[in-house]
Amino acid sequence: MVLFPAFTAIDVFGPLNALNLLSIQHNMTLAMVSHDMKPISIDRTIIDGVGYGNLASSASPFFTEYVLPSHTFDNATDFDVIMVPGGGGTRNLTATQPAVDWLSTQLGDSGEEGWPSYVMTICTGTALLSRTLKIGGKNATTNKAAFNWVKTQQGAQDVNWIPRARWVVDGKLWTSSGVSAGTDMTLGWIEHVHGRNESERVRLLMEWNALDQEDDPFADYYDL
Ligand SMILES: *[C@@H]1O[C@H](CO)[C@@H](O)[C@H](O)[C@H]1NC(C)=O
Ligand SMILES: *[C@@H]1O[C@H](CO)[C@@H](O)[C@H](O)[C@H]1NC(C)=O
Ligand SMILES: *[C@@H]1O[C@H](CO)[C@@H](O)[C@H](O)[C@H]1NC(C)=O
Ligand SMILES: *[C@@H]1O[C@H](CO)[C@@H](O)[C@H](O)[C@H]1NC(C)=O
Ligand SMILES: *[C@@H]1O[C@H](CO)[C@@H](O)[C@H](O)[C@H]1NC(C)=O
C-alpha cells in the first residue's frame, strides 16, 4: 500500500479491512510504503507538525489521524500486488512525486510483462499511476467527483477513461471509482483470486453492501 500525505482514509482502510480478514485464512504479508518513516497525516498535509497547502480554506486544518509506514520507497520491492490510494494529497505534485517515481520503477520498462501481478488504484490514485506514463492504452477509471481533473494529469491523454464503472480491469491493471469503490474492487479481486465463497466470507464479516463492477450510480450523479 502506497502512502503519501493527505490520502483518503477509506481508500486505504476499506481495502485493508477486507485484506486483514482474508489474511486470517491465507498467508500474506503487507508493506505500508512511504517516502520516509514519519507518521503520515490523513486528508490533511501536515509534516512535522506544520500544515501545508489549502489547509487555510479548511474549517479544521489540523483535523487528522496519523499512520505509520513499515517501509520506505528505498527498501520496498518485489510485490505481488501494489495498491495506490487517492485523496486530496494527489493534487500536490511535489509531495507525491516520490510515490510516482517509485511506482515507475516497480512497473519497469518492459511493458506489462514486467509489472507485479496486480497494480490497483483507488479513487484519484489513478492520477499517480498515470503520471508514470506507463498505463497508456489501458482502460481505467477513477473518482467520479474528480474525473475531469484526473483527465488533465500527465499521461492521462493516453488512457481510455471509462466514466461508468465501479471498477475497471484491464490485464494486470485494476482501477476503481471513488473512495468506497476501492473496497468493492478489493472484494472483486478476492473473488477473482480465491473464489466467490471467500469474497462472501469477507463481505459478510464486514457487513458490507457491495456494489458490482458495472453498478455505478455515481456516474449519473456527476453527469459522466
Ligand atoms: C507464511 O509465509 C512465510 C514466507 O513467506 C513463512 O515464513 C511463514 O512461516 C508462513 N506462515 C505460516 C503460518 O504458514
Ligand atoms: C506540497 O507538499 C510540499 C511538501 O512535500 C509542501 O512543501 C508544499 O507546500 C505543498 N504544496 C501545496 C500546494 O500544498
Ligand atoms: C526501511 O528503512 C527504514 C529506514 O530508512 C527503516 O526504519 C525501516 O525499518 C526499513 N524497513 C524494512 C522493512 O526494512
Ligand atoms: C476497454 O474498453 C472498451 C470500451 O471503451 C472495451 O471495448 C474494451 O473491451 C475494453 N478492453 C479491455 C481490455 O477490457
Ligand atoms: C461454496 O459454498 C457453498 C455453500 O456453503 C458450498 O456448497 C460450496 O462447495 C463452496 N464452494 C467452494 C468452491 O468452496
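# Exercises on salt bridges, a ligand shell and two serines

K134 and D109 form a salt bridge (a side-chain nitrogen of Lys or Arg within 4 Å of a carboxyl oxygen of Asp or Glu), with 3.2 Å between the closest N and O atoms. The model is predicted: local features need pLDDT of at least 70, side-chain atom pairs count only at pLDDT 80 or more, and totals for chains, interfaces and linings use all residues. Residues are numbered from 1 along each chain as its sequence is written, chains are lettered from A and ligands numbered from 1 in the order in which they are written, and side-chain values use heavy atoms, with hydrogens and water left out.

## Exercise 1

Task: find which parts the pair K134 and D109 ties together, and assign each residue an exposure class.

Solution. Step 1: K134 sits in the loop between α3 (125-130) and β9 (139-140), and D109 in the loop between α2 (93-107) and β8 (118-121), so the salt bridge ties together parts that are 25 residues apart in sequence. Helices (H or I, at least four residues) and strands (E, at least two) are DSSP runs, numbered from the N terminus.

Step 2: the classes are buried (under 20% relative accessible area), exposed (over 50%) and partly exposed (in between), with a 1.4 Å probe and protein chains only. K134, at 22%, is partly exposed, whereas D109, at 76%, is exposed.

## Exercise 2

Task: describe the salt bridge of E112 with K138 in the same terms.

Solution. Step 1: the closest N and O atoms of E112 and K138 are 2.3 Å apart. Step 2: E112 belongs to the loop between α2 and β8 and K138 to the loop between α3 and β9, so this pair ties together parts 26 residues apart in sequence. Step 3: E112 is partly exposed at 25%, and K138 is buried at 9%.

## Exercise 3

Task: locate the salt bridge of R201 with E198, then name the residues of the shared-partner network.

Solution. Step 1: the closest N and O atoms of R201 and E198 are 2.8 Å apart. Step 2: both residues lie in helix α6 (residues 196-206), three residues apart, about one turn of the helix. Step 3: R201 is partly exposed at 22%, while E198 is buried at 13%. Step 4: salt bridges with shared partners join E112, K138 and D170 into one network. The count of salt bridges comes to ten.

## Exercise 4

Task: list the residues around ligand 4 and its polar contacts with N139 and N160.

Solution. Step 1: the residues around ligand 4 (a heavy atom within 4 Å) are N139, N160, I162, V169 and D170. Step 2: for a polar contact (N or O atoms within 3.5 Å), a polar side-chain atom of N139 is 2.3 Å from an oxygen atom of ligand 4. An N or O atom in the side chain of N160 is 3.2 Å from an oxygen atom of the ligand. Step 3: ligand 4 on its own has 360 Å² of accessible area (Shrake-Rupley method, 1.4 Å probe), and the protein covers 33% of it.

## Exercise 5

Task: place S176 and S58 and give their exposure classes.

Solution. Step 1: S176 is in strand β12 (residues 173-176) and is buried at 0%. Step 2: leaving out residues up to four places away in sequence, the contacts of S176 include T121, C123, W167 and M185, where contact means heavy atoms within 4.5 Å. Step 3: S58 lies in the loop between β4 (50-51) and β5 (66-67) and is buried at 19%. A polar atom of the S58 side chain is 3.1 Å from the backbone nitrogen of S60.

Notes. Polar contact = N/O pair within 3.5 Å; in protein donor to acceptor, adjacent residues only side chain to side chain.
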